[in-house]
Amino acid sequence: MADNATYSSTAASIRGTLMTQLDAARAVGQVPGFTWTDRVAHWGLRVPLAALLLVYGFQKFPDAFVAPGDYGVPALLFILAAFAEILGPVALLAGGVVETWKPKNTTHRLIGDALTRGGAFAGLAAVMGVIFYFYWGALTWDDPHVVLLGLSAFLLLRGNRY
């Protein structure tokens, strides 16, 4: 450390620094110190949604080509749901990588947004099909499918935010 370097920790300088940070936070409407979360907060929604959809998709996949009619669902819809529950989460995670990366190239940003919205649509369609065929009339607010529906709808409507 240089001999001529000084640091003043007077109450006035600390108060001035804090007031500057609070004024800046008030201007953007955000608590100071949490700006770093803008890049990673979306993963808190994507990862659980993708994980649950993948689990449901992998449960369907062994039967998707062997006996899809055993569940009382048309075979084509069952196979489409299995693929949607596998490819949808992959698209959601790929779109999340693009959102975290925040590329300057607008084509890459558009592709990331399309991946997020497409994956969310696949999840929404698959969950709506499950609710319609298996839980209609018996669905409650604490069912995990309601959470999946809400997360998928949120990411479908929001997409990647830049």
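At what angle do helix α2 (residues 43–64) and helix α3 (residues 75–101) pack, and how far apart are their axes? In this predicted model, the two helices meet at an angle of about 155°, and their axes lie 8 Å apart. Because angles over 145 degrees count as roughly antiparallel, α2 is roughly antiparallel to α3. The crossing of α2 and α3 is left-handed, and the residues that form this contact divide by class into 19 nonpolar, four polar and five charged.

Helix α2 also packs against helix α5 (residues 144–158), here at an angle of about 125° and with the axes 10 Å apart. That angle makes α2 oblique to α5, while the crossing of α2 and α5 is, once again, left-handed. The two packings of α2 are set out below.

| Helix pair | Angle | Axes apart |
|---|---|---|
| α2 and α3 | about 155° | 8 Å |
| α2 and α5 | about 125° | 10 Å |

Turning from the helix contacts to the surface, a nonpolar patch of about 910 Å² is made by Tyr-71, Leu-76, Leu-77, Leu-80, Phe-132, Tyr-133, Phe-134 and Trp-136. The elements that give two or more residues to this patch are α3 and α4, the latter spanning 106–135, and Phe-132 is one of the patch residues found in helix α4. Helix α3 therefore appears in two parts of this description, since α3 packs roughly antiparallel to α2 and also gives two or more residues to the nonpolar patch.

As for charged side chains, the count of salt bridges, taken with a side-chain nitrogen of Lys or Arg within 4 Å of a carboxyl oxygen of Asp or Glu, comes to five. One such pair is formed by the side chains of Asp-23 and Arg-26, with a distance of 3.0 Å from N to O. Both Asp-23 and Arg-26 lie in helix α1 (residues 11–28), where they are three residues apart, or about one turn of the helix.

Definitions and conventions: Residues are numbered from 1 along each chain as its sequence is written. This is a predicted model: local features need pLDDT of at least 70, side-chain atom pairs count only at pLDDT 80 or more; totals for chains, interfaces and linings use all residues. Side-chain values use heavy atoms; hydrogens and water are left out. Axes are lines fitted to C-alpha atoms, for helices over the stretch in contact, and angles run from 0 to 180 degrees between N-to-C directions. Helices (H or I, at least four residues) and strands (E, at least two) are DSSP runs, numbered from the N terminus. Angles under 35 degrees count as roughly parallel, over 145 as roughly antiparallel, 65 to 115 as roughly perpendicular and the rest as oblique. A crossing is left-handed if the near helix is turned anticlockwise from the far one by less than a right angle, and right-handed if clockwise. Ala, Val, Leu, Ile, Met, Phe, Trp, Tyr, Cys and Pro count as nonpolar, Asp, Glu, Lys and Arg as charged, and the others, Gly among them, as polar. Patches are made of residues with over 30% relative accessible area and no salt bridge: like charges are joined within 9 Å, nonpolar side chains (Val, Leu, Ile, Met, Phe, Trp, Tyr) within 5 Å. Accessible areas come from the Shrake-Rupley method with a 1.4 Å probe; for residues, only the protein chains shown count as cover.
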